[in-house]
Amino acid sequence: MNRDIRIVSEEQCTGCGACENICPMDAVALKEGKEGFHYPVIQTSRCIQCGKCKEVCPGLKKPDTNRRIPKCRAAYGEDEIRRESSSGAVFTLLSEYVLEKGGAVYGVVLDEQFQAIHVRVTRKEELAPLRRSKYVQSNVGFAYRQIKEDLKAGSWVLFSGTPCQNAALRKFLGKEEERLLQVDLVCHGVPSQKSFDAYLKETYPKAELKEFLFRIKDAGHNCMVSRATLKDGTVISNTADTDLYEKGFHQSLFLRKSCEVCPFAEPPRQGDVTIGDFWKLEEYNPAFTDPLGVSLVFLNNEKADHIWAEIRPKLKFDEPIPPEFALSHNRVTARIDIHPNRERFFELWQEECFSVAARAALEGRSVREIKQQRQRELWEDRKRNLSGRVKRVLPQQVKDIGKKILKKK
Ligand SMILES: Cc1cc2nc3c(=O)[nH]c(=O)nc-3n(C[C@H](O)[C@H](O)[C@H](O)COP(=O)(O)OP(=O)(O)OC[C@H]3O[C@@H](n4cnc5c(N)ncnc54)[C@H](O)[C@@H]3O)c2cc1C
Ligand code: SF4
Ligand code: SF4
Ligand code: SF4
């Protein structure tokens with residue numbers, strides 16, 4: 001028999017997976033809930049009531065050993081890597097530090113099915129797919145168990161993930177590990193894999209989608225642009241102004257419930273090093289900004305200070321910034337404003353497809369209006385395509401005669 005574990009309330013459960021990783025009987029599994037996010041379900045016939053899943057849950061007690069006021073830097077690496085990174089490429093530099101010691105790096109990729117999952121890599125050439133933010137909650141699987149094994153074998157490890165995943169790893173290991181470098185992201189919040197799947201399915205014919213990348217820098221670092229590449233070579237760019245998924249993410253329409261009040265966002269932070277985008281840096285010093293992106297870096301403990309001193313020679317730019325400035329310009333507070341129509345979106349999504357529900361919720365309009373408008377847009381599209389096709393097949397002579405007639409009129 002299965003039952004909900006309810007170690008913490010739905011509002012507090014981040015889906016971090018610590019309970020699933022710790023259970024000695026493999027009695028816990030994260031299963032998809034009503035809104036599409038994963039929550040732990042316990043197989044009672046296997047459970048021996050050892051209580052470890054409660055002990056390890058960061059939702060019940062947040063680790064708090066790091067600095068209450070972190071040291072802060074604005075930094076970036078070489079241009080070539082920055083072009084492929086969300087911000088200043090600090091993730092790559094920290095990863096290379098660990099890989100050069102023969103260690104392993106854990107980070108998030110979009111796999112062939114466009115699923116966000118944590119993977120383990122051991123070579124620099126394997127880092128590319130881990131770069132760039134994926135605005136989807138990742139499946140951490142049994143990474144915490146695997147990291148414990150790596151550390152036991154004496155290997156260096158870098159773990160990169162959201163603050164709640166970093167809190168989970170800290171609690172799972174239960175002690176300070178000298179050879180572990182934890183890196184947490186400044187985290188706005190996460191949508192579910194289910195919503196990303198639905199968006200992709202409704203926007204691109206699945207069999208034809210070759211690659212999907214968030215945070216493309218073609219139009220500058222501050223642009224929230226994603227790019228879909230189809231198998232026939234067609235490239236489609238989406239911005240936060242035009243694309244439903246980008247809009248919904250940035251306007252906090254379909255984030256996980258636990259992201260609204262997140263204790264892991266505020267210091268003490270959960271990584272040894274925290275990385276993010278240095279928003280509003282121009283208000284501190286315009287000369288520090290750079291179109292290819294600048295990372296916000298928090299050094300949260302002495303281990304971080306030491307490693308930072310070692311990677312400094314590889315940085316192209318690195319300046320100290322008063323922490324008060326950075327702490328007042330990014331998502332480093334527990335509470336964020338959630339879109340007022342969040343609940344409406346999830347209710348509508350029970351009945352309607354993702355794009356109709358998202359559009360109705362974002363635009364505050366009825367489903368009927370949205371559907372009618374979609375029909376009109378589809379009709380306009382068809383007309384445009386048809387006239388394009390007709391133009392392509394008409395012989396030039398006929399086109400010239402047509403132009404003359406129109407001119408005379
Ligand atoms: C869901 C999400 C929300 C974010 N919100 C903010 C924000 O509000 N403010 C801000 O300043 N920065 C935010 N970031 C962080 C920022 O976008 C960059 O990821 C960060 O600055 C690192 O940039 P980089 O150039 O050093 O590394 P990159 O090379 O871009 O590396 C990206 C790193 O992020 C990890 N990662 C990517 N996707 C995920 C995921 N879904 N879950 C866990 N880890 C992931 C990868 O493993 C990799 O380590 C967010 C990132 C994500 C994934
Ligand atoms: S350990 Fe993580 S996934 Fe498990 S109940 Fe707690 S917050 Fe939820
Ligand atoms: S109490 Fe122990 S055995 Fe039961 S689900 Fe939790 S960790 Fe597993
Ligand atoms: S906002 Fe908090 S709860 Fe949500 S994914 Fe980020 S760290 Fe986890």
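Okay, let's start with one pair: S160 stands opposite V183 in strand β8. Keep in mind that this is a predicted model. The pair belongs to a wider match, since β7 and β8 run parallel and are joined by five bridges.

So what about β8 itself, residues 180-185: is the strand enclosed or open? Six of its six residues are buried, so β8 is largely enclosed by the rest of the structure. You can check that face by face. On one side you've got L180, Q182 and D184, on the other L181, V183 and L185, and all of them are buried.

Two of those names come back when we look at L94. Setting aside the neighbours within four places in sequence, L94 is in contact with L158, L181, V183, V273 and I311.

And L94 takes us to the nonpolar core. How many residues does the largest one have? It has 83. Those with the most contacts inside this core are A18, C19, L94, V157, L158 and V297. Which helix gives the most to the core? That's α4, residues 90-99, with six residues. Now the bit I like: domain 1 (2-56) and domain 2 (71-327) both give residues to this core, so the core lies between them. As a general point, nonpolar side chains in soluble globular proteins tend to be buried together.

Okay, the domains. Their C-alpha centres lie 26 Å apart. Where they meet, 16 residues of domain 1 are in contact with 17 residues of domain 2. On the domain 1 side, helix α1, residues 18-22, has the largest share, with three residues. By class, that side of domain 1 splits into six nonpolar, six polar and four charged residues.

Last topic, the ligands. Ligand 1 is surrounded by 34 residues, and the closest are S85, S86, G107, H188 and G276. Which elements give two or more residues to that shell? They are α4, β5 (104-110), β7 (157-161), β12 (273-277) and β13 (295-299). So we're back at α4, the helix that gives the most to the core, and at β7, the parallel partner of β8. By class, the ligand 1 shell has 14 nonpolar, 15 polar and five charged residues.

Then there's ligand 4, with 13 residues around it. What sits closest? P163, C164, C187, C259 and C262. The residues of this shell divide into eight nonpolar, four polar and one charged.

That's my tour, from one strand pair out to the ligands. Thanks, everyone.

Notes. Residues numbered from 1 in each chain as written. Chains lettered and ligands numbered in written order. Predicted model: local features only at pLDDT ≥ 70, side-chain atom pairs only at ≥ 80, totals over all residues. Core = buried A, V, L, I, M, F, W, Y, C linked by C-beta atoms within 7 Å. Buried ≥ 20, exposed ≤ 12 C-beta atoms within 10 Å, placed from the backbone. Helix = DSSP H or I, 4+ residues; strand = E, 2+ residues; numbered from the N terminus. Domains from an automatic or database assignment. Contact = placed C-beta atoms within 7 Å. Near = placed C-beta within 6 Å. Nonpolar A, V, L, I, M, F, W, Y, C, P; charged D, E, K, R; others polar. Pairing = 2+ DSSP bridges.
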